[in-house]
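Please open the structure in the viewer and keep the selection tool at hand. The tour below proceeds from one selection to the next and states what is found at each stop.

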Amino acid sequence: MLRSTKIVATIGPASTDLDVLTRMIQAGVNVVRLNFSHGGAQDHIDRANLVRQAAQACGREVAIMADLQGPKIRIGKFENGKIELESGAQFILDADCPLGNQERVGLDYKALPRDLQPSDFLLLDDGLIVLMVTKIVGSQIHTVVKVGGELSNNKGINRQGGGLSAPALTAKDMEDIKVAMSFQADYLAVSFPKSAADMIMARQLANLAGEHYEHKPMMIAKIERAEAIPALREILDASDGIMVARGDLAVEVGNAAVPALQKRMIKMARGANKIAITATQMMESMRVNVIPTRAEVSDVANAVLDGTDAVMTSAETATGRYPVETVETMAAICLEAEKFENYKLDPNFFNTNFTRVDQSIAYGALFTAFHLKVKAIATLTESGSTALWMSRHNINVPIFAMTPSVATQRKVSLYRHVQTLKLGLSMDRESTLKNAEELLLANGIVQKGDLIIVTWGEPMHHVGGTNALKIVKVGEY
């Protein structure tokens, strides 16, 4: 059974092994995420090469997503590695402190004191520690502990409600973009964007760095700042997709607000013909357990029913004990959830204003496929745009993006409902269409007598030129 929802898996120490990674891809990984918050440039280059090697061993194309660290605001280190904070205690965050102790700790973001005022709440270690600001004295932020606990080196800091001024792209990110383009990362995920300008700048830097390789990545905006929510429309317009990054977002807006925001963001992304990825702690317990909790199963299933393009693992496959089993379990949950989807043409489908010929062909194929109950849609594509438009609507007809481009195969691997097949496009229309039909037959996707829809562009090899649609009865060529 074909799985519509895709899986993005983060690799790390637990999965940086050819055999493990190969088994993860065989289990259902469509996109591999490289987390640039950890490791150096050569580590990421080596892992990218490993991904390509494992994908080749599996006989399929897998996309690589380079996830930039962004301005992760953290405390410094302690003399003894950690301390225990008690509720009601006084504690100082000091930008000039070289090594922390029970009374104070340093900051890696020296401008933090300028962003705060008394009565602000700071949430450390994903909200496990809560401090209230009492006063600012130069480089020192004086606080009182509201929720105590163990605080160890380099834990993250969020301001409740957002409002920190750190730029989305740091100097490190700019260098990491060059590294990511050196191995032609298919997707670039930008952490903590607050506006369209952040995404535009990241795209310009990526395109410039990729120019030597004739490569342009697709841009994913990670929605994890409170300020990004009111700017979501403009961020979407400047991106190719969004990631519902529920960790930092929950810390800033509150856990209770996240589920509704997740549904809203996925709906907005699909309506804007953009990609949506749902991330953070989806299978968290599988870091140490071979079976997920019932709540985690429901979480993944609900994201599928919300219409997300992909669900993502983080520590579960990067450092967990069961990376392969996590992917297998996630894939099984996706398949079961998809059985209960409501297959229909959205009400706004009939009110869409077409601005391009290829877009109108894509919608025409969907309308025809839905009413004729065809077995498959085959879109012959150079860029993948037609497949993307088709994938925004759920009509229970698999879409096969057939392309000679390896880069397009990798890119399309993240689109919901879309499978990819490599097909050479000749200048002869009839032979190309016949080859497309034979490819579907050879892969067991269709049988003789089935109806399929084929879309293509004339002349062949013209990027962005899909302008033809044909209803084909398999076996009648």
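## A strand with two faces

Begin by selecting strand E4, residues 82–85, whose side chains alternate: Ile83 and Leu85 point to one face and are buried, whereas Lys82 and Glu84 point to the other and are not. Please bear in mind throughout that this is a predicted model. Next, add strand E10 (residues 149–152) to the selection; E4 and E10 pair in the antiparallel sense over 4 bridges. Within this pair, the residue opposite Leu85 is Gly149 in E10.

## The open sheet

Now display the strands E6, E5, E9, E8, E7 and E11. These 6 strands form an open sheet in the order E6-E5-E9-E8-E7-E11, and their pairing is mixed. Which strands lie at the edges? They are E6 (104–105) and E11 (157–159), each of which pairs on one side only.

Inside the sheet, select E7 and E8, which pair in the antiparallel sense over 4 bridges. Leu122 can be centred here, as it stands opposite Leu131 in E8. Then follow the loop that joins E7 (121–124) to E8 (129–137), where Asp126 is located. Most residues other than glycine have a negative phi. Asp126, which is not a glycine, has a positive phi of about 55°.

Proceed to strand E9 (residues 140–147) and select His142, which lies in it. Is the residue buried or exposed? His142 has a relative accessible area of 16% and is buried; the cut-off for this term is under 20%. Display its side chain together with that of Gln140: the two make a polar contact at 3.1 Å. Apart from residues up to four places away in sequence, His142 touches Phe91, Ile92, Met132, Val133, Thr134, Lys135 and Val137.

## The closed barrel

Hide the sheet and show the barrel. Its 8 strands run E1-E2-E3-E12-E13-E14-E15-E16 and close upon themselves, with parallel pairing. From one strand to the next, the twist averages 25°. Strands of a sheet pair through backbone hydrogen bonds.

Select E14 (residues 241–245) and E15: the two pair in the parallel sense over 5 bridges. Ile242 is found opposite Ala276 in E15.

Remain on E15 (residues 275–279) and select Thr278, which lies in this strand. Thr278 is buried, its relative accessible area being 0%. With which side chain does the side chain of Thr278 make a polar contact? The partner is the side chain of Thr308, at 3.0 Å. When neighbours within four places in sequence are set aside, the residues in contact with Thr278 are Val244, Arg246, Gln262, Ile266, Ala303, Thr308, Ala310, Val311 and Met312.

## Helices to visit

One of the contacts of Thr278 is Arg246, and this residue leads to helix H7 (residues 246–253). Of its 8 residues, 6 are buried, so H7 is largely enclosed by the rest of the structure. The buried residues are Arg246, Asp248, Leu249, Ala250, Val251 and Glu252. Step just past the helix to Gly254, where phi is positive, at about 100°.

Next, select helix H5 (residues 196–210), which lies across strands E12 (187–190) and E13 (218–223) and runs at about 145° to E13. The loop between E12 and H5 contains Phe192. Phe192 is a residue other than glycine with a positive phi, near 60°. Phe192 is also buried, with a relative accessible area of 6%.

Then move to helix H1 (residues 18–27) and select Val20, which is found there. Its relative accessibility is 14%, and Val20 therefore counts as buried. Draw a distance between the C-alpha atoms of Val20 and Pro323: the two residues are 303 apart along the chain, yet these atoms are separated by 7.9 Å. Not counting residues up to four places away in sequence, Val20 touches Ala14, Ser15, Pro323 and Val324.

## A last stop

Finally, display the side chains of Phe370 and Lys373. The charged end of Lys373 sits over the ring of Phe370, 4.5 Å from the centre of that ring.

Technical notes:
Residues numbered from 1 in each chain as written. Predicted model: local features only at pLDDT ≥ 70, side-chain atom pairs only at ≥ 80, totals over all residues. Heavy atoms only, no water. Buried < 20%, exposed > 50% of the residue type's maximum accessible area, 1.4 Å probe, protein only. Polar contact = N/O pair within 3.5 Å; in protein donor to acceptor, adjacent residues only side chain to side chain. Contact = heavy atoms within 4.5 Å. Pairing = 2+ DSSP bridges. Axes fitted to C-alpha atoms, helices over the stretch in contact; angles between N-to-C directions. Lys NZ or Arg CZ within 6 Å of the ring centre and 35° of its normal.
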